[in-house]
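User: Can you walk me through this model? I'd like the overall fold, then the helix packing, then a few single residues.

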Amino acid sequence: MKLDHRRKEILRGIFAVCTIIVGITHFIRPEQYARIVPPQLPNPVALVYISGFFEILGGIGLMIPFVSVAAAWGLIALFIAVFPANINMAVNNIPIEGIPHNQVLYWVRLPFQAVLIAWAYWYTRKPQEQPGAEIIEKTAGSLINETAATLSDR
């Protein structure tokens, strides 16, 4: 395994674990996250639970070869979907426990969302090189060949 590939896989694990942990915090302290949901959106606590669920699911999916590319795309969609809450937090200077209460920090935190999106995007590229891709390719190839043979026998 090349060093760059090994590094990418280590970073995948770190990203997945961090995403899962943040998702879990949505269930432990939902009121903290509900505060930053823009007031125009209905049922902030439900939205927090939904986003937490999908964060956990995305982090787990990132580690499963069969779904890692789809999970990465799902995380990208999630990071885009929650961005209005981050903007609301910065604009209205809304404190969250565990994050130092500093409006400048809230504004500096906004571009970090682009880093998360780029990080997730890294795992959507070259799906044939994802861990387990060769197994999927062989299995899919076998299924396609069997299906084609069955159809040609008709």
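Analyst: Here is a short tour, starting with the overall make-up. Keep in mind that this is a predicted model.

User: Fine. How many helices and how many strands are in the protein chain?

Analyst: Eight helices and zero strands. Along the sequence the pattern reads α-α-α-α-α-α-α-α.

User: What share of the residues counts as buried?

Analyst: 31% of the 154 residues.

User: And the surface? How much area does the chain expose, and what do carbon and sulfur supply?

Analyst: About 9600 Å² is exposed. Carbon and sulfur atoms account for 70% of that.

User: Now contacts. Take pairs at least 6 apart in sequence: what fraction joins residues at least 24 apart?

Analyst: 63% of those contacts do.

User: On to packing. At what angle do α3 and α4 pack, and how far apart are their axes?

Analyst: Helix α3 covers residues 44–62 and helix α4 covers 68–81. They pack at about 150°, and the axes are 8 Å apart. The angle is over 145°, so α3 is roughly antiparallel to α4.

User: Is that crossing left-handed or right-handed?

Analyst: The crossing of α3 and α4 is left-handed.

User: Which residues make the contact?

Analyst: From α3, they are S51, F54, E55, G58, G59, G61 and L62. From α4, they are S68, A71, A72, L75, L78 and F79.

User: How does that set divide into nonpolar, polar and charged?

Analyst: The α3 and α4 contact has seven nonpolar residues, five polar and one charged.

User: What about α4 against α7: what angle and what axis separation?

Analyst: α7 spans residues 112–122. It packs with α4 at about 165°, with the axes 8 Å apart. So α4 is roughly antiparallel to α7. This crossing is left-handed.

User: Which residues carry that one?

Analyst: α4 contributes A72, W73, L75, I76, F79 and I80. α7 contributes Q113, L116, I117, A120 and Y121.

User: And how does this contact divide by residue type?

Analyst: The α4 and α7 contact has ten nonpolar residues, one polar and no charged.

User: Let's do single residues. Where is G74, and is it buried or exposed?

Analyst: G74 sits in helix α4. It counts as partly exposed, because its relative accessibility is 39%. Its C-alpha is 9.9 Å from that of G59, and the two are 15 residues apart along the chain.

User: Now Y123: where is it, and is it buried or exposed?

Analyst: Y123 is in the loop between α7 and α8 (133–152). Its relative accessible area is 0%, so Y123 is buried.

User: How far is the C-alpha of Y123 from that of S68?

Analyst: 7.3 Å, with their positions 55 residues apart along the chain.

User: Backbone check next. What is phi at N43?

Analyst: Near 45°, a positive value in a residue other than glycine. N43 lies in the loop between α2 (30–34) and α3.

User: Why flag a positive phi?

Analyst: Because most residues other than glycine have a negative phi.

User: And N93: what is its phi, and where does it lie?

Analyst: N93 has a positive phi of about 50°, although it is not a glycine. It lies in the loop between α5 (83–92) and α6 (103–109). N93 counts as partly exposed, because its relative accessibility is 28%.

Technical notes
Residues are numbered from 1 along each chain as its sequence is written. This is a predicted model: local features need pLDDT of at least 70, side-chain atom pairs count only at pLDDT 80 or more; totals for chains, interfaces and linings use all residues. Side-chain values use heavy atoms; hydrogens and water are left out. Axes are lines fitted to C-alpha atoms, for helices over the stretch in contact, and angles run from 0 to 180 degrees between N-to-C directions. Helices (H or I, at least four residues) and strands (E, at least two) are DSSP runs, numbered from the N terminus. Angles under 35 degrees count as roughly parallel, over 145 as roughly antiparallel, 65 to 115 as roughly perpendicular and the rest as oblique. A crossing is left-handed if the near helix is turned anticlockwise from the far one by less than a right angle, and right-handed if clockwise. Contact means heavy atoms within 4.5 Å. Ala, Val, Leu, Ile, Met, Phe, Trp, Tyr, Cys and Pro count as nonpolar, Asp, Glu, Lys and Arg as charged, and the others, Gly among them, as polar. Buried means under 20% relative accessible area, exposed over 50%, partly exposed in between (1.4 Å probe, protein chains only). Accessible areas come from the Shrake-Rupley method with a 1.4 Å probe; for residues, only the protein chains shown count as cover.
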